[in-house]
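Work through the exercises below with the model in view. Each task is followed by a solution in steps.

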There are 2 protein chains.
Amino acid sequence: MSDLLHRQIAEMLHSAKHILAVAHIRPDGDAVGSLLGLGLSLRAAGQKVDMLLADGVPAPFRHLPGSEQVITRPCAEYDVVVVLDSSDLQRTGGVLGERQPDLNIDHHATNLRFARVNLVDPQAVATCAILAQNLPRWGFPVSGEVASALLTGILTDTIGFRTSNMSPEVLRLAADLMEAGANLPELYRAGLVQKSFEAARYWGFGLERLQREDGLIWTTLLLADRQAAAYNGNDDADLINFLSSTDGDVIVLFNEQKGGKVKVSWRARPGLDISTLALRFGGGGHPAAAGAEISGTIEEVRERVLSETRAFLAAHRH
Amino acid sequence: MSDLLHRQIAEMLHSAKHILAVAHIRPDGDAVGSLLGLGLSLRAAGQKVDMLLADGVPAPFRHLPGSEQVITRPCAEYDVVVVLDSSDLQRTGGVLGERQPDLNIDHHATNLRFARVNLVDPQAVATCAILAQNLPRWGFPVSGEVASALLTGILTDTIGFRTSNMSPEVLRLAADLMEAGANLPELYRAGLVQKSFEAARYWGFGLERLQREDGLIWTTLLLADRQAAAYNGNDDADLINFLSSTDGDVIVLFNEQKGGKVKVSWRARPGLDISTLALRFGGGGHPAAAGAEISGTIEEVRERVLSETRAFLAAHRH
């Protein structure tokens, strides 16, 4: 990244009168963390900042300072709009209307560079890592609260420092954030591993139903399982990330949703790009992790997706 | 630790003619990692070293270089015996007989300081962390193979950098080991998260059977479950560490063993010392994680242990 770009960003953020920061819908740890990290750091430097998530802050991240101040729609005129961790504008939930964002900070390789100024670094493990590296350079402070937000995004996007893009620099960045006041074990527990009793029983249904066929491993979570386990979410309680550490080449999770839809999640071993498959079903993602929401009964969707996934695996087998 | 102690250790290891290094039975990542890390580093400096584990190297660590050279009983006369990661001599499986070890390197607070020279640091997250910090100081090289072994022990004893004793220094130590040639994502996957398909199904039985009563969460794995899931190990496939991230104050796992025994594992939230309870059943461990092997049927053992654990929790409730 050129010095010019960084000077431009620093100048934009320091001279703004009222900033709107926005991250993506269905927010994960990096969306929430980058939003709070940027927002609280700019505020600490005296800037007026609104922090927006169209879907609000999910429960696992409500312990983060500042999360209670996140708004769900714009509520003023803003001279600077910053979009975080979003590869396109649809990901913001349409809250910006026709307004072109001024700054786009992201680490997704598929980012469409939709803003006036774009800081897109696909080498970064998280948008939070980009901020942790650059906030001090732009003249904004990293307090304990900011560090907690930023370490959350690094932890969740690297699934606890384990993804293949990990580097010594990421560990040293995390060490710096700990020294700035972030409590790693607590953030890890809150954002990444804490499972409710209900979620653990919910996993039990999915695990007992696990099936395998060559390198393909799949399972299903039914609406009935949620009820039986008294699990409150409409997600998979992160079962797919656990399954991604089994010995399959491709893992598929079918998560039955209300209204005749099925949320499908794929995970693939290094070397396969499963996002192309998700795209064909109207979804998207990264090479190693992708998803789509597909209309149909659980049986229909499972048959279609398994058939295409088998073909994908056959085509990529040497 | 005093400089004198470190000079004494360096002198002992450099002047030895034939060294025996031993770690504990039922070896975990820190036992295997510290054994291979020390052994390969001393060998690279020209020393003659035998590496011993009474139970051999478990499958998840057989990818580590040097693991194929680990012996299961002493096979020579040794002038220097080093015991690693073991709080007492029973933990070595009795392979040393009456021989007093020359050096004892460990991080367990309960260590009995049974050797001629004792380097016991309960602040260290792992015995591997002690070695990573000190091998260069003692004049022994940390190659990529040594770094891989040492990072394995740090990863497994901190359950992937998440335990409450984590510090910025541990992350920086891990960063240094990555730079020395350790592949963090691969070691993480191999040593910590890789689950076989069979292990994942085996978990399913334990999770569906999960029970809760106030802050106490428990479950059981039966011999029949292993068979139904075609799971090969006689362990819990690490289910207890997963359960320790649920919202219980105390988690207990009953793992039925052949020969009328039950392996009981406890995990406790920060602030409770569950090792006192394990001691009462002839076991031991750390405040947050302890275990015991108890004779009896699964029903008998469960009743006795749950009753004592309820009493323990009641006594520690304010």
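**Exercise 1.** Is B:Phe161 buried or exposed?

*Solution.* The structure is a predicted model, in which local features need pLDDT of at least 70, side-chain atom pairs count only at pLDDT 80 or more, and totals for chains, interfaces and linings use all residues. Residues are numbered from 1 along each chain as its sequence is written, while chains are lettered from A and ligands numbered from 1 in the order in which they are written.

Start with the criterion: a residue is buried if 20 or more other C-beta atoms lie within 10 Å of its own, exposed if 12 or fewer, and partly exposed in between, with C-beta atoms placed from the backbone. B:Phe161 has 23 other C-beta atoms within 10 Å, so it is buried.

Next, locate it: B:Phe161 is in the loop between helix H4 (144-157) and H5 of chain B. Helices (H or I, at least four residues) and strands (E, at least two) are DSSP runs, numbered from the N terminus. Last, look at the backbone: B:Phe161 is not a glycine, yet it has a positive phi of about 65°.

**Exercise 2.** Find the loop that holds A:Asp85, then describe the residue's backbone and surroundings.

*Solution.* The loop runs between strand E3 (80-84) and strand E4 (103-106) of chain A. A:Asp85 has a positive phi of about 60° although it is not a glycine. A:Asp85 counts as buried because it has 30 C-beta neighbours inside 10 Å.

**Exercise 3.** Which residues does A:Pro27 touch, leaving out those up to four places away in sequence?

*Solution.* Place the residue first: A:Pro27 lies in the loop between strand E1 (19-22) and helix H2 (29-44) of chain A. Two residues are in contact if their C-beta atoms, placed from the backbone, lie within 7 Å. By that rule A:Pro27 touches A:Val32, A:Leu53, A:Asp55, A:Val57 and A:Pro58. A:Pro27 is also buried, with 24 other C-beta atoms within 10 Å.

**Exercise 4.** Compare the span of helix H2 (residues 29-44) of chain B with the expected value.

*Solution.* The expected span of a helix is 1.5 Å times one less than its number of residues. H2(B) has 16 residues and reaches 22 Å from its first C-alpha to its last, close to the 22 Å expected. Of these 16 residues, 14 are buried, so H2(B) is largely enclosed by the rest of the structure. After H2(B) comes B:Gly46, with a positive phi near 95°.

**Exercise 5.** What is the strand order of the open sheet of six strands in chain B?

*Solution.* Two strands pair if DSSP finds at least two bridges between them. The order is E6-E7-E8-E9-E11-E10 (chain B), with mixed pairing. Strand E6 (211-213) and strand E10 (284-285) of chain B stand at the edges with a single partner strand each, so one side of each is left without a neighbour in the sheet.

Now take the pairs:

- Strand E7 (residues 216-221) of chain B pairs with E8(B) in the parallel sense over six bridges, and B:Leu216 stands opposite B:Val250.
- E8(B) and strand E9 (residues 261-268) of chain B run antiparallel, joined by eight bridges; B:Ile251 has B:Arg267 as its bridge partner.
- E10(B) and strand E11 (residues 289-295) of chain B run antiparallel, joined by two bridges, and B:Gly285 stands opposite B:Ala290.

In the hairpin of E8(B) and E9(B), three residues lie between the strands, and B:Gly259 takes a positive phi near 80°. Seven of the eight residues of strand E8 (residues 250-257) of chain B are buried, so E8(B) is largely enclosed by the rest of the structure.

**Exercise 6.** How many residues does each chain give to the contact?

*Solution.* Chain A gives 36 residues and chain B gives 36 residues. In chain B, the elements giving two or more residues to the side that touches chain A are helix H5 (168-179), helix H6 (184-193) and helix H7 (197-208). H7(B) supplies the largest share, eight residues.

**Exercise 7.** Which turn and shift lay chain B on chain A?

*Solution.* Copies are superposed by least squares on the C-alpha atoms of residues with pLDDT of at least 70 in both. A turn of 180° and a shift of 0.1 Å along the axis lay chain B on chain A with an RMSD of 0.3 Å. That is the relation of a two-fold axis. The same surface serves both copies, as 100% of the contact residues of chain B recur in chain A.
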